[in-house]
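Biologist: I should like to learn how to read a structural model, from its overall fold down to single residues. May we go through one together?

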Amino acid sequence: MAFDRKWITPIMAGSILVSGLTGALMFFDIANDFQEEIHEWLGVVLMSGAVLHILLNWQGLKKQLQTHRGKWIFGTFAALLLLSFVGGFGELGDSGEEYDD
C-alpha cells in the first residue's frame, strides 16, 4: 500500500488543529464532554498520521538525528515521555485518579 501525501497532509493538519483547540479548551477547563471525546479520538488519528509521516520521511529523519540539535530535541521529548510514566510530580505525575478542583 502506497502512502499518499495528498491524504495524509490534510488529515494531519485537521487533526492537529482540532486537537490543539480542544486541548486548549480542556486546559482552561471550559471543554464540554463532546470536545473531550473528540480530543481523545483525534489523538489516535494524530498518532497514526505521525507514524505515516515518519515512514514517508525516514531518510530525512535519520539525517536530522545525526545532528546535535536533532539529538537534543528528540532526547528532550523522550525524557518528557519517560517522566509522564514515572510520575512523582504532583498533579503532573498523577496516577490517573480523578480529583475534584
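Modeller: Certainly. Please keep in mind that this is a predicted model.

Biologist: Let us begin with the fold. How many helices and strands does the secondary structure of the chain come to?

Modeller: The chain has four helices and zero strands. Read from the N terminus, the order of elements is α-α-α-α.

Biologist: What share of the 101 residues in the chain is buried?

Modeller: A residue is called buried when its relative accessible area is under 20%. By that criterion, buried residues make up 11% of the chain. The exposed area of the chain is about 8,700 Å², of which carbon and sulfur atoms supply 68%. As for contacts with a separation of 6 or more, 53% of them join residues 24 or more positions apart.

Biologist: How does one check the span of α1 against its number of residues?

Modeller: One takes 1.5 Å a residue and compares the result with the distance between the end C-alpha atoms. For α1, with 23 residues, the expected span is 33 Å, and the end C-alpha atoms lie 31 Å apart, which agrees. For α2, which has 24 residues, the distance from the first C-alpha to the last is 35 Å, close to the expected 34 Å.

Biologist: Which residues of α1 are buried, and what covers them?

Modeller: The buried residues in α1 are Ile 8, Met 12, Ser 15, Ser 19 and Thr 22. Their cover includes α2, residues 33–56.

Biologist: Two serines are on that list. Is Ser 15 buried or exposed, by its relative accessible area?

Modeller: Ser 15 has a relative accessible area of 2%, so it counts as buried. Beyond its neighbours within four places in sequence, Ser 15 is in contact with Leu 42, Val 45 and Leu 46. In addition, a polar atom of the Ser 15 side chain lies 3.1 Å from the backbone oxygen of Met 12.

Biologist: And why is Ser 19 classed as buried?

Modeller: Ser 19 is buried because its relative accessible area is 9%, below the 20% cut-off. With neighbours within four places in sequence set aside, Ser 19 is in contact with His 39, Leu 42, Gly 43 and Leu 46.

Biologist: Let us turn to Met 26. Where does Met 26 lie, and which residues is Met 26 in contact with, leaving aside its neighbours within four places in sequence?

Modeller: Met 26 belongs to helix α1, residues 5–27. Its relative accessible area is 31%, so Met 26 is partly exposed. Apart from neighbours within four places, Met 26 is in contact with Ala 31, Glu 36 and His 39. The C-alpha atoms of Met 26 and His 39 are 9.0 Å apart, although 13 residues separate the two along the chain.

Biologist: What should I look for just after α1 and at the start of α2?

Modeller: Backbone angles and side-chain atoms are useful here. Just after α1, Asp 29 has a positive phi of about 55 degrees. At the start of α2, a side-chain oxygen of Asn 32 comes within 3.1 Å of the backbone nitrogen of Phe 34.

Biologist: Finally, which residues form a nonpolar patch on the surface?

Modeller: Such a patch is formed by Trp 72, Ile 73, Phe 77, Leu 80 and Leu 83, and together they have about 550 Å² of accessible area. One of these residues, Ile 73, is placed in helix α4, residues 68–86. With a relative accessible area of 37%, Ile 73 is partly exposed.

Technical notes. Residues are numbered from 1 along each chain as its sequence is written. This is a predicted model: local features need pLDDT of at least 70, side-chain atom pairs count only at pLDDT 80 or more; totals for chains, interfaces and linings use all residues. Side-chain values use heavy atoms; hydrogens and water are left out. Helices (H or I, at least four residues) and strands (E, at least two) are DSSP runs, numbered from the N terminus. Buried means under 20% relative accessible area, exposed over 50%, partly exposed in between (1.4 Å probe, protein chains only). Contact means heavy atoms within 4.5 Å. The expected span of a helix is 1.5 Å times one less than its number of residues. A polar contact is a pair of N or O atoms within 3.5 Å; within protein, one must be able to donate a hydrogen and the other to accept it, and residues adjacent in sequence count only if both atoms are side-chain atoms. Patches are made of residues with over 30% relative accessible area and no salt bridge: like charges are joined within 9 Å, nonpolar side chains (Val, Leu, Ile, Met, Phe, Trp, Tyr) within 5 Å. Accessible areas come from the Shrake-Rupley method with a 1.4 Å probe; for residues, only the protein chains shown count as cover. A salt bridge is a side-chain nitrogen of Lys or Arg within 4 Å of a carboxyl oxygen of Asp or Glu.
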